[in-house]
Amino acid sequence: MNKTLYMKMAFIAVLTIVAVWAVVPPSKTLKPGIDLAGGTSLIYEIDTTGKNLTEQKGLSEQMITILRRRVDPTNIQNLVWRPQGDTRFEIQMPLTSEEARTKRENYDNILNELTSGNINPAVVMKLMKKPAEQQPDEFKKLVGDDPNKLAILNNLASAYNKYQQMRTQSDSLNEKLDELTKKVQDVNVNIPELKEKAYTWFGPDFNNIDQQKLKEQLNTYLKIDVNSPDTKKFDLAAEYVKTYAQWAQISNQLISQDTGPVAEYNNARMKLDKLNLTKEQLVNILNMQNSISRNKTIEELKKEFPDRKEKINELLNAYEEYKPFQGRLDDPEDLKRMLHGAGILEFRILPTLGGPDLDSSKIN
């Protein structure tokens, strides 16, 4: 084989390599790891409570198979799944593009700003304990002159005061019953039996106690001689029954599931949610598929929160800019939520500096 042929073959080989390089460059096929390209590494440990060493063998690979099927079944998210022994595994998530990160960061910042104006329920409940005459001014400091929000706070204050008033009455009557119990027992009256008799005489609600009927029933029950009555025994028993009836009536009203002060107070407290915007609420609205329904909901939201109207518009614009870059897993928090939603992981191990879980040189 002559020298010219060798040169021709070498020239053809070079051309082939250049052609392949141009058509399929290594930068498109060989993706650098997260140590070079950047990204996030999550390390999880499987709860092996109740499993012996034999049952733990290969557990991490089984878990990876299950989670991968649920989180990324078509393998389009470019996640790297690696077992670390039998009970741990690592998920590497590559970094998204700089433009996508910028859009996402702007969107997240506005979302945080929008929800930062929320009212802490603990602050509201603290105001409930203030004198009634001070509450209107305090409420205005929280929600301004918005009549709907003021109505929510005023209704809560009314329900809270009613509940506290009846609770105080109930506690006071309960204390009186405790004092009467010893006195009634000292005159040889059986308290549980007296309560049972009272229910029989007047019914469980004790709405109205007829004094004459009470006198007749007690005289019969206590076997008191009407000619020489035991006044002390009768008076103590009668006072106990009357006090117990008042306590039972208030207690029944308090715990009534439909109209009781407890139900009214709980319902009023639940309406505090209308004073705040949650991230989940906003994200769900933005992700609505029906644009007409979404726009209608957004307009209603602006009416409910006129002080945040401009910020809602900013969030909408930021979301529209970010939406073209949005993927299922463009942020580590998205991956964590999907793993949590898989309903398998019990807890997560996060390596920390100085901790035994990972060499400090590998923690970024």
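## Exercises: salt bridges and buried faces

Glu113, Lys311 and Glu314 are joined in a network of salt bridges. A salt bridge here is a side-chain nitrogen of Lys or Arg within 4 Å of a carboxyl oxygen of Asp or Glu. The model is predicted, and local features need pLDDT of at least 70, side-chain atom pairs count only at pLDDT 80 or more, while totals for chains, interfaces and linings use all residues. Residues are numbered from 1 along each chain as its sequence is written, and side-chain values use heavy atoms, with hydrogens and water left out.

### Exercise 1. The whole protein

Task: State how many helices and strands the protein has, and what share of its residues is buried.

Solution.
- Step 1. The protein has 17 helices and three strands. These are DSSP runs, numbered from the N terminus: helices are H or I with at least four residues, strands are E with at least two.
- Step 2. Of the 364 residues, 33% count as buried. Buried means under 20% relative accessible area, exposed means over 50%, and partly exposed lies in between (1.4 Å probe, protein chains only).
- Step 3. Now take the contacts with a separation of 6 or more: residues 24 or more positions apart account for 68% of them. Contact means heavy atoms within 4.5 Å.

### Exercise 2. Three salt bridges

Task: Find where the partners of the pairs Arg88 and Glu45, Asp307 and Lys149, and Glu320 and Arg294 lie.

Solution.
- Step 1. A search of the whole structure gives 14 salt bridges.
- Step 2. Arg88 and Glu45 meet at 3.1 Å, N to O. Arg88 is in strand E3 (residues 88–94) and Glu45 in strand E1 (residues 39–45), so the pair ties together parts 43 residues apart in sequence. Glu45 is partly exposed, at 24% relative accessible area.
- Step 3. Asp307 and Lys149 meet at 3.8 Å, N to O. Asp307 sits in the loop between H15 and H16, Lys149 in helix H9, and 158 residues separate them. Asp307 is exposed, at 61% relative accessibility. Lys149 is buried, with a relative accessible area of 7%.
- Step 4. Glu320 and Arg294 meet at 2.9 Å, N to O. Glu320 is in helix H16 and Arg294 in helix H15, so this bridge ties together parts 26 residues apart in sequence. Glu320 is partly exposed at 34% relative accessibility. Arg294 is buried at 10% relative accessible area.

### Exercise 3. A buried charge

Task: Work out what surrounds Asp146, a buried residue with no salt bridge.

Solution.
- Step 1. Place Asp146 in the loop between helix H8 (135–143) and helix H9 (147–186).
- Step 2. Look for an opposite charge: Lys and Arg count as positive, Asp and Glu as negative, and His and the chain ends are not counted. The nearest such side chain is Lys149, 4.3 Å away.
- Step 3. Check the backbone. The side chain of Asp146 reaches the backbone nitrogen of Lys149 at 3.3 Å.
- Step 4. List the contacts, leaving aside neighbours within four places in sequence: Asp146 touches Glu304 and Pro306.

### Exercise 4. The buried side of H16

Task: Decide how the buried residues of H16 are arranged, then follow Tyr319.

Solution.
- Step 1. H16 has 14 residues and reaches 20 Å from its first C-alpha to its last.
- Step 2. Its buried residues are Ile312, Leu315, Leu316, Ala318, Tyr319 and Tyr322. They cover an arc of only 165° around the axis, which puts them on the same side of H16. The arc is that of the directions from the helix axis to the C-beta atoms.
- Step 3. Recall the helix rule. An α-helix has 3.6 residues a turn, so residues three or four places apart point the same way.
- Step 4. Find the cover: it includes helix H6 (98–115), helix H14 (279–286) and helix H15 (291–304).
- Step 5. Turn to Tyr319, buried at 3% relative accessibility. Not counting residues up to four places away in sequence, Tyr319 touches Tyr107, Leu286, Asn287, Arg294 and Gln326. Its side chain reaches the backbone oxygen of Leu286 at 3.4 Å.

### Exercise 5. Helix H7

Task: Describe the buried face of H7 and its cover.

Solution.
- Step 1. In helix H7 (residues 121–128), Val124, Met125, Leu127 and Met128 are buried. Seen down the axis, they fall within an arc of 155°, so they line one face of the helix.
- Step 2. Their cover includes H8, H9 and helix H13 (261–270).

Note on methods. Polar contact = N/O pair within 3.5 Å; in protein donor to acceptor, adjacent residues only side chain to side chain. Expected span 1.5 Å × (residues − 1).
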